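Work through these exercises with the model open. Try each task before you read its solution.

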Amino acid sequence: MKFIESEKKFKEYAAKIKKTDGYREPIAFGIARVDRGQLHNEKILQATFPVVNWKENYASAAAFIGALMDSEVDVDFGGSEFVCDVKKKFVKNAVNIFNPYLKEAFGGNHRNVQVIKNLYRIAQDEGLENNFRIIFLFEDAECKSIESVYLKLYALSLGKAPLRSLNLNGIFGLLENVAWCVNVPIEIEWLRANEIEMKLDGSYPFISAVDKFPRFLQHVIPEENVRIMDASKVRMGAYLAKGTALMPGASYINFNAGTTGAVMVEGRISSSVVVGDGSDVGGGASILGVLSGTNGNPVSIGKNTLLGANSVTGVPLGDGCIVDAGVAVLEGTKVSVSKEQLKLILEINPNFKFKKQESGGGYIFKAIELSGLNGLHFRRDSQTGVMTLSRSNRKVVLNADLH
Amino acid sequence: MKFIESEKKFKEYAAKIKKTDGYREPIAFGIARVDRGQLHNEKILQATFPVVNWKENYASAAAFIGALMDSEVDVDFGGSEFVCDVKKKFVKNAVNIFNPYLKEAFGGNHRNVQVIKNLYRIAQDEGLENNFRIIFLFEDAECKSIESVYLKLYALSLGKAPLRSLNLNGIFGLLENVAWCVNVPIEIEWLRANEIEMKLDGSYPFISAVDKFPRFLQHVIPEENVRIMDASKVRMGAYLAKGTALMPGASYINFNAGTTGAVMVEGRISSSVVVGDGSDVGGGASILGVLSGTNGNPVSIGKNTLLGANSVTGVPLGDGCIVDAGVAVLEGTKVSVSKEQLKLILEINPNFKFKKQESGGGYIFKAIELSGLNGLHFRRDSQTGVMTLSRSNRKVVLNADLH
Amino acid sequence: MKFIESEKKFKEYAAKIKKTDGYREPIAFGIARVDRGQLHNEKILQATFPVVNWKENYASAAAFIGALMDSEVDVDFGGSEFVCDVKKKFVKNAVNIFNPYLKEAFGGNHRNVQVIKNLYRIAQDEGLENNFRIIFLFEDAECKSIESVYLKLYALSLGKAPLRSLNLNGIFGLLENVAWCVNVPIEIEWLRANEIEMKLDGSYPFISAVDKFPRFLQHVIPEENVRIMDASKVRMGAYLAKGTALMPGASYINFNAGTTGAVMVEGRISSSVVVGDGSDVGGGASILGVLSGTNGNPVSIGKNTLLGANSVTGVPLGDGCIVDAGVAVLEGTKVSVSKEQLKLILEINPNFKFKKQESGGGYIFKAIELSGLNGLHFRRDSQTGVMTLSRSNRKVVLNADLH
């Protein structure tokens with residue numbers, strides 16, 4: 001591999017690679033350190049990405065692909081993804097290709113080059129062994145490798161891909177259920193094979209969880225002013241926007257779920273649920289996910305909405321809504337609204353169409369019919385037991401474009 | 001101690017020991033590594049069993065007892081349990097007795113012999129010190145030692161003894177409340193005595209819990225496809241059958257409680273509660289235990305039953321039941337059922353006898369009167385506040401033998 | 001600094017220091033080991049106090065101040081607090097001043113002197129570096145330093161200052177949001193700067209939480225028979241009185257909140273909430289705090305009160321009350337009470353004044369009007385949906401002085 005001398009030459013090199021027959025621009029790529037099975041060394045249990053490229057850095061992708069091809073790796077552009085080992089020759093090639101950037105690659109600059117610099121150091125010192133893998137994702141198809149599962153979970157957790165935007169079908173089948181010994185995944189079978197010896201020696205490991213997924217904080221440095229008071233409560237693949245705070249009581253954020261602004265989370269945000277800026281998921285509040293009771297409709301919660309303590313929400317809500325403490329609003333829950341309150345609700349939901357018949361001076365809706373409306377207040381009348389709907393007193397910021 | 005040369009001789013030896021005057025077959029036995037008090041060395045804080053024998057391996061029990069007797073230990077068969085230190089001489093004897101099995105003792109084979117082989121190694125290397133204890137349980141009486149408490153908790157957690165089948169009276173009195181520094185129990189008094197020095201040196205330990213019980217995952221390797229997303233949420237003495245998954249939100253499984261099949265656990269399974277295959281304990285759902293509101297009746301939940309998010313269940317339920325999200329079904333909760341629905345419920349509960357009077361076209365039951373019935377659906381009518389009972393739409397697998 | 005030879009001389013010395021011009025008696029003082037920013041060394045991230053003096057040990061305070069003044073530190077008595085580095089010369093002075101107590105300073109005796117002895121040892125060995133700080137609090141004003149924030153949180157958690165008695169304004173602004181790597185706080189910015197290298201080397205740290213506050217168990221040795229089954233669930237600044245047990249399900253105790261006696265905690269005790277002896281906070285029960293829905297009125301729960309599973313309480317309650325499982329009692333919740341039940345309630349609440357009109361054979365109150373009353377039972381009638389109030393069957397211990 002020849003040594004590239006200038007940024008100009010680097011760009012020429014990348015352009016040349018891109019013209020290779022069959023070349024496809026990857027939508028994502030990255031190099032991961034992998035943890036392999038203790039008994040089944042061929043199995044990859046975890047992939048840790050220092051840098052994730054998602055619809056960006058196409059020249060670096062070309063450089064990596066060039067470095068692979070020049071180390072006799074046959075890069076297959078035909079599938080939805082390509083993964084292979086990171087070998088010493090590839091690293092050496094990549095160092096030569098990225099040469100013009102080596103000196104300025106530190107801090108926030110040229111992070112892919114920083115990866116290569118570190119790999120070069122490791123290759124000199126303890127050797128790369130089979131600890132590193134490189135992956136290119138050419139399309140968002142069903143994952144075929146652990147590396148692509150992790151790459152997508154990173155994309156979600158880093159906010160590079162929006163929640164619910166990726167194809168995650170089949171990931172449960174790919175991920176191994178392992179014992180998480182702090183940050184390190186251990187095969188259950190290996191534990192079983194070594195139980196007697198470790199227990200008698202007093203060296204049985206501290207296992208913090210047994211799961212297919214790692215925790216968010218094992219891989220992701222949170223955004224500014226995000227607080228996660230218990231690492232066990234956020235699964236890798238969740239996204240917590242700036243200012244989101246998660247308390248340790250009954251809270252939980254599953255993968256492919258999270259927030260899009262500063263949210264106070266004291267309840268459960270199930271897989272597929274997204275909660276908007278300024279909203280408050282009260283202590284023990286449950287928001288149901290597509291895996292847990294919403295008939296496949298993912299629930300979005302708007303901005304500035306309050307889900308009271310121990311409430312349950314199974315339908316999408318707009319901005320400025322309130323579900324009272326202890327109240328369950330499921331798809332089929334019937335709610336009564338007076339003419340006056342309905343008028344107030346229509347004022348801030350001018351596009352809401354309905355064909356309800358009046359009944360005793362008011363109307364009755366199923367909660368699912370109210371999906372996504374703003375300014376709703378769900379409560380149970382403490383003197384009649386009736387679930388009522390009224391206009392909430394929370395601020396609703398109307399989108400001027402809609403009026 | 002003479003060296004035993006063949007499996008035949010081993011069997012003869014075991015048979016001979018069993019004929020010792022006063023010999024009793026132990027219902028359980030095992031060798032544990034123990035953690036002792038840092039200040040009070042005579043106190044045992046934790047017992048870790050690499051292998052638990054429960055109503056099995058009687059010949060190995062006889063061999064262990066023989067090895068003890070030949071090392072001048074006076075085994076007392078008179079009490080409900082016998083515990084003593086594991087000494088070098090005992091280990092040497094045991095190695096000689098188990099000689100015919102030494103070579104094949106690895107993997108899943110001859111696990112008691114593996115224990116002895118490891119102890120022999122440890123005795124040669126660092127010495128046994130007073131780190132090991134052997135216990136024989138002759139009957140399931142009230143525990144008299146920490147070792148027997150742990151042996152019973154293991155039996156439950158390993159599925160060797162059914163939940164609720166063992167005498168656990170008095171175990172809270174035997175177990176010391178300790179600081180769990182990862183896997184190691186530390187006496188609170190020792191912490192206090194060393195606080196100043198450790199804090200100034202920056203060596204104050206990481207304490208994950210202060211409790212009498214350790215966590216399940218400190219001692220037990222879970223069954224196939226069991227997921228425990230937060231180790232703090234399952235206490236030693238719980239049992240999680242194959243396929244059970246515990247999410248980290250508001251879930252918890254106490255000792256002497258758990259599942260008998262694949263269950264999704266997002267709520268609380270209190271001590272004495274057992275949940276059946278295919279059931280779903282929704283986010284924040286509480287199932288009350290004998291220590292928390294059921295008047296001493298332990299609650300069993302059948303198969304394929306759904307406890308909705310933030311529901312509360314204080315009575316036993318059969319198969320295919322539903323408790324709606326946010327609904328509390330306690331012993332005294334009155335529920336209304338129409339004639340039509342009652343007829344549907346009777347179809348799948350042919351043996352249900354009741355003496356209720358008709359009232360306004362339907363019937364009213366206290367929830368406790370419906371204990372253990374199949375196919376019940378508990379909901380609160382959102383337009384009247386009335387707690388109603390109807391036939392659920394969950395699958396109920398009827399036991400053909402009952403019809 | 002001259003060597004003090006006797007206890008008498010020590011007292012004379014302390015008295016002399018107290019007469020220094022401008023001297024003020026500190027309400028609290030202590031020496032802390034501090035953790036500093038990895039990137040911003042001037043930032044203090046955590047202060048660990050081996051000993052906290054709170055309205056006590058004034059002679060020791062004088063001795064410390066004398067040792068500072070004699071090491072050329074200009075102690076400023078003018079502000080609400082004074083903090084400075086602990087230097088070798090100060091330690092040497094303090095050893096000389098405390099000389100009469102050095103020999104007997106161990107165990108529970110002369111704990112401030114034990115601190116000085118340990119610092120002297122550390123100064124000889126690895127050196128004090130800039131790891132130690134001393135703070136004097138002259139009044140309970142708004143905190144000006146991390147050290148005073150920690151000193152106040154310690155005072156609360158050690159039970160030296162009653163919950164809700166201290167000025168904690170502005171502490172969120174002072175505390176840095178950090179990654180807690182077990183007991184050590186790490187700057188997020190440092191993690192980001194070292195992410196690539198650590199991830200590739202396999203040395204990325206185990207992060208248990210990202211928060212401004214540490215956990216209670218990182219700093220405080222619990223009172224007798226306190227059980228905390230999951231360290232993540234109690235924030236520094238909480239107080240757990242003797243006999244309090246916290247289960248791991250949906251429980252949580254925030255800072256400046258806790259118990260004043262033996263309480264079973266399976267639910268959430270929000271900031272500013274205090275729960276009395278013998279009470280039971282059921283699984284998933286929420287008690288609202290001033291930051292979460294009580295209009296600024298802090299909630300106190302009396303003795304022997306039961307908050308049922310998944311209940312929500314937003315008003316203060318007296319002794320012997322019951323909130324049924326799943327019931328939400330908020331400030332505006334209307335409850336119906338019959339004449340007979342109201343009479344029973346008045347028997348144990350003789351000072352309760354009200355001006356309610358009879359309505360249909362009974363009365364209706366807003367829950368806030370019943371604040372702090374004893375013996376209330378809140379339930380929802382399962383056949384009408386009406387929230388009712390009656391006299392509870394829990395024991396109420398009346399204060400004889402009030403009758």
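**Exercise 1. Two helices**

How are α3(A) and α4(A) oriented to each other?

Solution. The model is a predicted one.

Step 1. Find the helices. In chain A, α3 covers residues 88-97, and α4 covers 111-124.

Step 2. Take the axes. Those of α3(A) and α4(A) come within 9 Å and cross at roughly 135 degrees.

Step 3. Apply the cut-offs. Angles over 145 degrees count as roughly antiparallel, and 65 to 115 as roughly perpendicular; the rest, from 35 degrees up, are oblique. So α3(A) and α4(A) are oblique to each other.

Step 4. Add the hand. The crossing of α3(A) and α4(A) is left-handed.

**Exercise 2. The residues between the helices**

Name the residues through which α3(A) meets α4(A), and sort them by class.

Solution. Step 1. Start with α3(A). Its side consists of Lys88(A), Val91(A), Ala94(A) and Val95(A).

Step 2. Turn to α4(A). Here the partners are Ile116(A), Leu119(A), Tyr120(A) and Ala123(A).

Step 3. Sort them. The contact of α3(A) with α4(A) has seven nonpolar residues, one charged and no polar.

**Exercise 3. Chain A against chain C**

Describe the side of chain A that touches chain C.

Solution. Step 1. Count. Chain A brings 37 residues into contact with 41 residues of chain C.

Step 2. Look for the elements. In chain A, α4 and β9 (227-228) each supply at least two residues of this side. The most comes from α4(A), with six residues.

Step 3. Classify. The side of chain A that touches chain C has 18 nonpolar, 15 polar and four charged residues.

**Exercise 4. Relating the copies**

What rotation superposes chain C on chain B?

Solution. Step 1. Rotate. A turn of 120 degrees, with 0.0 Å of shift along its axis, places chain C on chain B at an RMSD of 0.0 Å. The two copies are thus related as by a three-fold rotation axis.

Step 2. Repeat for chain A and chain C. A rotation of 120 degrees with 0.0 Å of shift superposes chain A on chain C, again with RMSD 0.0 Å.

Step 3. Compare the surfaces. Only 16% of the interface residues of chain A are also interface residues in chain C, so these copies meet through different surfaces.

**Exercise 5. Domains of chain A**

Which domains does the assignment give for chain A?

Solution. Step 1. List them. They are domain 1 (7-165), domain 2 (181-211) and domain 3 (216-402).

Step 2. Take one pair. The C-alpha centres of domain 1 and domain 2 of chain A lie 31 Å apart. Their contact takes seven residues from domain 1 and seven from domain 2.

Note on methods. Residues are numbered from 1 along each chain as its sequence is written. Chains are lettered from A and ligands numbered from 1 in the order in which they are written. This is a predicted model: local features need pLDDT of at least 70, side-chain atom pairs count only at pLDDT 80 or more; totals for chains, interfaces and linings use all residues. Two residues are in contact if their C-beta atoms, placed from the backbone, lie within 7 Å. Helices (H or I, at least four residues) and strands (E, at least two) are DSSP runs, numbered from the N terminus. Ala, Val, Leu, Ile, Met, Phe, Trp, Tyr, Cys and Pro count as nonpolar, Asp, Glu, Lys and Arg as charged, and the others, Gly among them, as polar. Axes are lines fitted to C-alpha atoms, for helices over the stretch in contact, and angles run from 0 to 180 degrees between N-to-C directions. A crossing is left-handed if the near helix is turned anticlockwise from the far one by less than a right angle, and right-handed if clockwise. Copies are superposed by least squares on the C-alpha atoms of residues with pLDDT of at least 70 in both. Domain bounds come from an automatic or database domain assignment.
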